[in-house]
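Hello,

Here is the structure I said I would pass on. My notes on its empty spaces and aromatic rings follow below.

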Amino acid sequence: MDRAEHPDRRVLLFGGLVAATVTLAGCSPTSAAPSATSAPPESPPTTPAAAFTRLMEGNKRWVSGHLRHPDRDPDRRQFVAEKQEPFGAILSCIDSRVPPELLFDTGLGDLYVMRTGGEAIGPVVTGSVEYGPMTSGTPLIVVLGHQRCGAIEAAYKSIRDGKPLPGNLEAIAKALRPAYEQAAHGSGGDPVDSMARAQVTLTAADLRSNQDLAPLVKKGALAVVGAYYSLDTGKVEVLAGAPA
């Protein structure tokens, strides 16, 4: 009985080894399909209009959920290791729900990003925003405010009630006072939301007219856009400065 069964066992064993080999070959790195989470790299846009279009197309993908996740793989990491060419500089809030790289569907090396409470600015922040346009020809700056901004709300209540915020938070409130003054003289609507929008437009106007950036804006090499992000929809609304 044992001798009669040996050939069948050998056949079964051989068949199992063949199946296992085929399976392993199919899982080997050389036959693995490319990752579907990373799109092929694109050349950075070099004009304000092209950079703005790239950003807004990315935001449309964010809103719809049809994301491309560009420039987010080891090849891209190696490509930008020695040199970067970001096509945009984003000044946004520190809010954890407003990450510029995600909501514009961009990746590694695509954007300079500065984040402060309520987009409050000072010399160091302004210098950081200026860095890309002045050193590497970045053609676009976006000042991005957002819905239900906690920093704006805290500053609004502090200034309205005359109660300073603790620690260095008071410096944020002071930086946001011009936006508060503009919102306080407005009519109707949510005053905190009005202040958030005012902060965007005032900051964008200041950057657009500053002595170092104004010449770039004048000759069409740079656009400074004020925008507002909806937490509810994910959509970026342009408030001022969109390039033609």
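**Aromatic pairs, charges over rings, and empty space**

At 11% relative accessibility, Y156 is classed as buried, because the cut-off is under 20%. Please keep in mind that the model is predicted.

Y180 is buried as well, with a relative accessible area of 12%. The ring centres of Y156 and Y180 are 5.2 Å apart with the planes at 55°, so this pair is tilted. Y156 belongs to helix α6 (residues 150-161) and Y180 to helix α8 (residues 177-184), so the pair links parts 24 residues apart in sequence.

The count of aromatic pairs comes to 2. In the edge-to-face pair of Y112 and Y131, the distance is 5.7 Å centre to centre, with 85° between the planes. Y112 is in strand β2 (residues 111-115) and Y131 in helix α5 (residues 123-136), so parts 19 residues apart in sequence are tied together. Y112 is buried at 12% relative accessible area, while Y131 is partly exposed at 45%.

Two arginines also have their charged ends over rings: R54 over F87, 5.3 Å from the ring centre, and R197 over Y228, 3.9 Å from the ring centre.

F87 also helps line the largest pocket, as do R76, K83 and D110, among others. This pocket holds about 150 Å³ of space, and its lining has 4 nonpolar, 3 polar and 5 charged residues.

There are 2 cavities of 30 Å³ or more. The second largest has about 40 Å³ of space, and its lining consists of 9 nonpolar residues, with no polar and no charged ones. Helix α2 gives the largest share of that lining, 3 residues.

Regards

How values were computed:
Residues are numbered from 1 along each chain as its sequence is written. This is a predicted model: local features need pLDDT of at least 70, side-chain atom pairs count only at pLDDT 80 or more; totals for chains, interfaces and linings use all residues. Side-chain values use heavy atoms; hydrogens and water are left out. On a 1 Å grid over the protein atoms alone, a cavity is a set of points where a 1.4 Å probe fits but cannot get out, and a pocket is an open set with protein on both sides within 12 Å along at least five of seven lines; lining residues have an atom within 4 Å of a point. Grid points are joined across faces, edges and corners, and a volume is the space filled by probe spheres set on the points. Helices (H or I, at least four residues) and strands (E, at least two) are DSSP runs, numbered from the N terminus. Ala, Val, Leu, Ile, Met, Phe, Trp, Tyr, Cys and Pro count as nonpolar, Asp, Glu, Lys and Arg as charged, and the others, Gly among them, as polar. Rings of Phe, Tyr and Trp (its six-membered ring) pair if their centres lie within 6.5 Å; planes under 30 degrees apart count as stacked, over 60 as edge-to-face and the rest as tilted. Buried means under 20% relative accessible area, exposed over 50%, partly exposed in between (1.4 Å probe, protein chains only). A charge sits over a ring if NZ of Lys or CZ of Arg is within 6 Å of the ring centre and within 35 degrees of the ring normal.
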